[in-house]
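Colleague: Could you take me through one part of this model in detail, beginning at a single loop residue and following the elements around it outwards? I would like the reasoning on burial and on helix crossings spelled out where a cut-off decides the matter.

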Amino acid sequence: MTAPGPDSGAFVVATAGHVDHGKSTLLRALTGTDPDRLAEERRRGLTLDLGFVWTTTPGGRRLAFVDVPGHHRYLATTFAGLATAPAVLLVVSADEGWRAQTGEHLAAVEAFGIRSGLLVITRADLADPAAALALAREHTAGTALADAPAVAVSARTGAGLDVLLHRLDALAAAYPAPDPEAPVRLWLDRAFTVAGAGTVVTGTLTAGTLAVDDTLELAPAGTPVAVRGLQSLGRDVERVSGPARVAVNLRRIAADEVRRGHALVTSGRWWRTTAVDVRLDPPSPVADPLSAGAPPAGPAARLPAEPLVHCGTAATGARLRPLGADSARLTLRAPLDLHVGDRLLVRDPGSRLLVGATVLDVAPPALRRRGAAAARARQLVAVTDPADPATRLRATGCELRADLAAMGFATAAPEAREARSENLAAGPFVVDAAHAAWLRAVLTAEVDRYAAAHPADPGLPHPLARQRLGLPEALPLAALTGDGLVTRQGRIYRAPDAEALPAPVAAALDRLLKALHAAPFRAPTRGELDALGLTAESLALLVRRRHLERVGPHHLAVGALARAEARLGTLPQPFTVGECARALDTSRRVAVPLLEALDAAGVTRRHSDGRRTLRPAGSRPLA
């Protein structure tokens, strides 16, 4: 037995079409395997659940098929099979032609954004396929399958099957390769237990790469799970890239905790949400016969207040709030892991109305004020590229780049995108250009106001600036300090103030330094400092700017500790506090905190009797 290796996946195709038009029979003839795996399906001759089979084309390409039920009662199952398929076989029988369920499936294909497929006329041995093909062309006009290649086949005689395989091979070859580095979202369609292996789940991997020992999250619960083993089309593999049908053996989870509609996702790369703003497609008249003769109305008005929403293999109830004629907010009853640009199918459970929707925002702002819905609709109208974060940034002001990526916004080339949109890159944040300009204006005003109230130290402290502007801690203020503002030592100044001391402080400093030059260790008292006009604020400024050195509660000229060390080196060792004070020509008031500072720096060592010894330079502890 050979060890499992890498796997490049297989092109995945779903069937679609009216019940009893030969979808399962066609796949049985193509692959030699019956997609109806349930005994009841075989007994009734009716597909009830999803079936999975595969084959290899004459050119060596592997094809995987997802067979879906054709009966209206199993629509949710049908949608689960269609939603993740890159391509579709739309099946119409030559003897029965187009039917209502065919149109419903076509509407689902459109809603899920499937743009690749073939039109297959089955049972070509029972009737001339030309009439069925012509009718099918009428119904697919204006859809993604309008120009799909058509093949007439007979599963009973085998006519046309070779042509169909070649067409499938060409369809797969023309399909754009998904990004193997994309985050994984594997919508699960089955979960079961295998003796000796444990929990196994299956699904269609549309993009990204799965590998043994990967750690993922089971959405929507967020439970961490590990990949114990992988199979693709019945073969053990170490890793597999989409598109592919995969079976994943999971650690850390029981099978009864997993069901269809759950997903395996790359942690932190999807946005788990219960509210989305969407753009609705026009309802398909093929799947909405009640629209005939009805007054024109946008899709938001046509849908009920509580539709069903399908995404991947998941289905959930929702509340729909129209925003504009073709935009709405969906509040989901169960969370979904989504990206902007994802396709949803929204349907009226009381009719055949199916509406496709494109997700425009996965974390939309609250609508609290009168007119907020209409204003939001106007914002959404401006969205031409769901992956462009411009509209969201205009609404929120700034976002973490990691959050934007998890929402599905394009951040792979931020420099180019931000240069084009003029948004501001600020550390881990992206700031809307207009919001950044407003923040700079407010920051300038706050700096000026603070400087007027604190002439002795006109620099606005960073924490106060963040508080007044409502900025998160991780957003670097330096990104906002253009236009004459300078950040220095945790404060923001007008450019001239960052370099020069305020005139009264500079004059007082000059007088103080002259006094300290004559007596370097005679630190001024609080009263003497007040007489000089040096407040606590101005002294803090002078220490930060390295004009003074603080020793305990006292202020001395810069280098005071080094000069003290030199003088104390001339004393017999060890020495007392009094001997230190006399050597430095100062008082115990200054000598005690000075010695404590030298102790803390490892320059001196204090004995139990209170005397000190100057440590040799080589024996001092490392800072």
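Modeller: The place to begin is Arg123, which lies in the loop between strand E6 and helix H5. What follows is read from a predicted model. The phi angle of Arg123 is near 55 degrees, a positive value in a residue that is not glycine. Most residues other than glycine have a negative phi. Arg123 has a relative accessible area of 19%, and since buried means under 20%, Arg123 is therefore counted as buried.

From this loop one can step back into E6, which covers residues 116–122. Ser116 is placed in that strand, and with a relative accessible area of 12% Ser116 is buried. Leaving aside residues up to four places away in sequence, Ser116 touches Pro86, Ala87, Val88, Leu145, Leu171 and Tyr175. One of these contacts, Val88, stands opposite Gly117 in E6, and E5 and E6 themselves pair in the parallel sense over seven bridges.

Both strands belong to an open sheet of six strands, ordered E3-E4-E2-E5-E6-E7, whose pairing is mixed. The edges are formed by E3 (51–56) and E7 (150–152), each of which pairs on one side only. On average, neighbouring strands of the sheet are turned by 25 degrees against each other, with direction ignored.

Two helices that lie across this sheet deserve attention. Helix H3 lies across E2, E4 and E5, and runs at about 150 degrees to E2. Helix H6, residues 161–174, lies across E2, E3, E4, E5, E6 and E7, running at about 170 degrees to E6. H6 also meets helix H1 (residues 23–31): the two axes come within 11 Å and cross at roughly 85 degrees. Angles of 65 to 115 degrees count as roughly perpendicular, so H1 and H6 are roughly perpendicular to each other. At their contact, Leu26, Ala29 and Leu30 in H1 meet Leu161, Leu164, Leu165 and Leu168 in H6, and the residues of this contact divide into seven nonpolar, no polar and no charged.

The sheet strands and their helices also contribute to a nonpolar core. In soluble globular proteins, nonpolar side chains tend to be buried together. The largest nonpolar core here has 36 residues, of which Leu82 and Phe112 touch the most other members. The elements giving two or more residues to this core are strands E2 (11–17), E4 (62–67), E5 (87–93) and E6, together with helices H3 (75–82), H4 (100–111) and H5 (129–140). H4 supplies the largest share, five residues. Leu82, again without residues up to four places away in sequence, touches Ala14, Thr15, Ala16, Val68, Val88, His105, Ala108, Val109, Phe112 and Ile114. Val88 therefore links two parts of this account, as a contact of Leu82 and as a contact of Ser116, when the definition of contact as heavy atoms within 4.5 Å is applied.

Apart from this core lies another, of 35 residues, among them Val505, Val551, Ala560 and Leu568.

A few backbone features elsewhere may be set beside Arg123. Gln489, in the loop between strand E26 (485–488) and strand E27 (491–494), also has a positive phi, near 55 degrees. Whereas Arg123 is buried, Gln489 is partly exposed, with a relative accessible area of 40%. There are also cis peptide bonds, one of which joins Ala219 and Pro220 with omega of about 10 degrees. Pro220 is in the loop between strand E11 (215–219) and strand E12 (223–232). A cis peptide bond also joins Gln573 and Pro574, where omega is about -10 degrees, and Pro574 sits in the loop between helix H18 (560–568) and helix H19.

H19 (residues 577–584), in turn, can be set beside the H1 and H6 crossing. The axes of H19 and H20 (residues 588–600) come within 9 Å and cross at roughly 110 degrees, which means that H19 is roughly perpendicular to H20. Their contact brings Val577, Gly578, Cys580, Ala581 and Leu584 in H19 to Arg588, Ala591, Val592, Leu594 and Leu595 in H20. The residues of that contact divide into eight nonpolar, one polar and one charged, whereas the contact of H1 with H6 has no polar and no charged residues.

Key: Residues are numbered from 1 along each chain as its sequence is written. This is a predicted model: local features need pLDDT of at least 70, side-chain atom pairs count only at pLDDT 80 or more; totals for chains, interfaces and linings use all residues. Side-chain values use heavy atoms; hydrogens and water are left out. Axes are lines fitted to C-alpha atoms, for helices over the stretch in contact, and angles run from 0 to 180 degrees between N-to-C directions. Helices (H or I, at least four residues) and strands (E, at least two) are DSSP runs, numbered from the N terminus. Angles under 35 degrees count as roughly parallel, over 145 as roughly antiparallel, 65 to 115 as roughly perpendicular and the rest as oblique. Ala, Val, Leu, Ile, Met, Phe, Trp, Tyr, Cys and Pro count as nonpolar, Asp, Glu, Lys and Arg as charged, and the others, Gly among them, as polar. A nonpolar core is a set of buried Ala, Val, Leu, Ile, Met, Phe, Trp, Tyr and Cys residues joined through side-chain atoms within 4.5 Å. Buried means under 20% relative accessible area, exposed over 50%, partly exposed in between (1.4 Å probe, protein chains only). Two strands pair if DSSP finds at least two bridges between them.
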